[in-house]
Amino acid sequence: MTLAPFTIAISSAEISDLQARLERMRWPDEIDQSEWNLGTNKAFLQSLTNYWLNEFDWPAQQARLNAFAQFTLAVDGRTIHFIHARSPHANAQPLILSHGWPGSIVEFLRIIPKLTHPEQHGGRAEDAFHVVAPSLPGFGFSSKPTGFGTNTLTIAELFAQVMTALGYERFFAQGGDFGTGVTIALARLYPQRVMAIHLNMMQGRAVPSKADIASRPLSPAEEQMMKDRARFAEEGGAYAHVQRTKPQSLGFALNDSPVGLAAWIAEKFHAWTDNDGDPTCAVSRDDLLTNISIYWFTQTITSSMRLYYESQRAPALFKEGEKIIPPLGFAAFPREIVRPPREFVERFFDVRHWTEMPRGGHFAALEQPDLLAADIRKFFGTVSLP
């Protein structure tokens, strides 16, 4: 394993190419008053594109990213990129944060200081963490898989090697979206290393066995969650069906058109954040465009979408009677895609902490960093350390 410092450095030629493509956008028609019913709203996207072209400052955002110490680890023919933000506090504990799709390390920029320096953000110095925030393989500045087989289990194995390379034999883990799957996989594969996990989403492949249901029938809340899952798959799951079946075909378009890429990603921020109809009410335009720009400059939208395909081929299903050993803390945000009731999560986990959040959605660390950081600190602070 080879560990090396890393600095993000997008050339002026790449920025100029992006701007030229934005200027040449050929806009499609739109049905009057269709709003977001058919997908991304045209007026919103035109406004976002105009900001991207004329006001968005990538060099400033790049400097913001580079303010965090970053590294790459070469392991098993892959390169994993990650932020490593060490706390100044002597008793800080290691914590790995895993993002999802269509996210990136941008999700964690606002929450990391609240975890490394909690005393500056309403917390206690004794609840500090050394934070490791990797880019998933095929996302951002991590290398793109060149063959089949990169799923949440193999990603967890790679991330565990990152923690080993940094000298963290035992650690905490947190995640949402695909980061949920990675975090659960870390707990399943390394129950002696992972001290506890914290989630803000429950993976969709968590399905009780027939024997489990026979011994404890689904509650009304669990039955409603199953209906919500089915409704989401029917009404909002077209993106996932494409990405887990034919991601490459879509990739040709999104890798070539920055506005097309922005439309594909912004629609998810509209649908999945706690907003009043405009996703930038929940996430700033700069954060949204920094996230989109990382996909654009690294040309990783296609490789990121292939994780859906891989997850379909090797679903991380729970085994009959399986229960995850490390204790779990869960933050339930009101605008999450599908919200599980506690009794459902308790079928698979040793739930020690549960918080019903007053606001926030799918991109919790980006939308509500104060709430999420406080919940992480509170739960992990109750876990007995070796």
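Here is a short walk through a pair of helices, a nonpolar core and one buried residue. Please keep in mind that the model is predicted.

Let us begin with two helices. Two packed helices are described by the angle between their axes and by the distance between those axes. Helix H2 covers residues 42-54 and helix H11 covers residues 258-272. Their axes come within 11 Å and cross at roughly 125 degrees, and H2 and H11 are therefore oblique to each other. As you turn the model, you can also look for the handedness: H2 passes H11 in a right-handed crossing. On the H2 side, the contact is made by Phe44, Leu45, Leu48, Thr49 and Trp52. H11 answers with Pro258, Val259, Ala262, Ala263 and Ala266. What is the chemical character of the residues in this contact of H2 with H11? Nine are nonpolar, one is polar and none is charged.

H11 also leads us to the next stop, the largest nonpolar core, which has 117 residues. H11 gives the most to this core, with eight residues. To find your way around the core, try looking for Trp58, Trp101, Ile111, Leu115, Leu186 and Phe349, the members that touch the most other members.

Our last stop is Gln62, found in helix H3, which spans residues 58-66. Is Gln62 buried or exposed? Its relative accessible area is 13%, and buried means under 20%, so Gln62 counts as buried. Leaving aside the neighbours within four places in sequence, Gln62 is in contact with Ile8, Ala9 and Ile10.

Technical notes: Residues are numbered from 1 along each chain as its sequence is written. This is a predicted model: local features need pLDDT of at least 70, side-chain atom pairs count only at pLDDT 80 or more; totals for chains, interfaces and linings use all residues. Side-chain values use heavy atoms; hydrogens and water are left out. Axes are lines fitted to C-alpha atoms, for helices over the stretch in contact, and angles run from 0 to 180 degrees between N-to-C directions. Helices (H or I, at least four residues) and strands (E, at least two) are DSSP runs, numbered from the N terminus. Angles under 35 degrees count as roughly parallel, over 145 as roughly antiparallel, 65 to 115 as roughly perpendicular and the rest as oblique. A crossing is left-handed if the near helix is turned anticlockwise from the far one by less than a right angle, and right-handed if clockwise. Contact means heavy atoms within 4.5 Å. Ala, Val, Leu, Ile, Met, Phe, Trp, Tyr, Cys and Pro count as nonpolar, Asp, Glu, Lys and Arg as charged, and the others, Gly among them, as polar. A nonpolar core is a set of buried Ala, Val, Leu, Ile, Met, Phe, Trp, Tyr and Cys residues joined through side-chain atoms within 4.5 Å. Buried means under 20% relative accessible area, exposed over 50%, partly exposed in between (1.4 Å probe, protein chains only).
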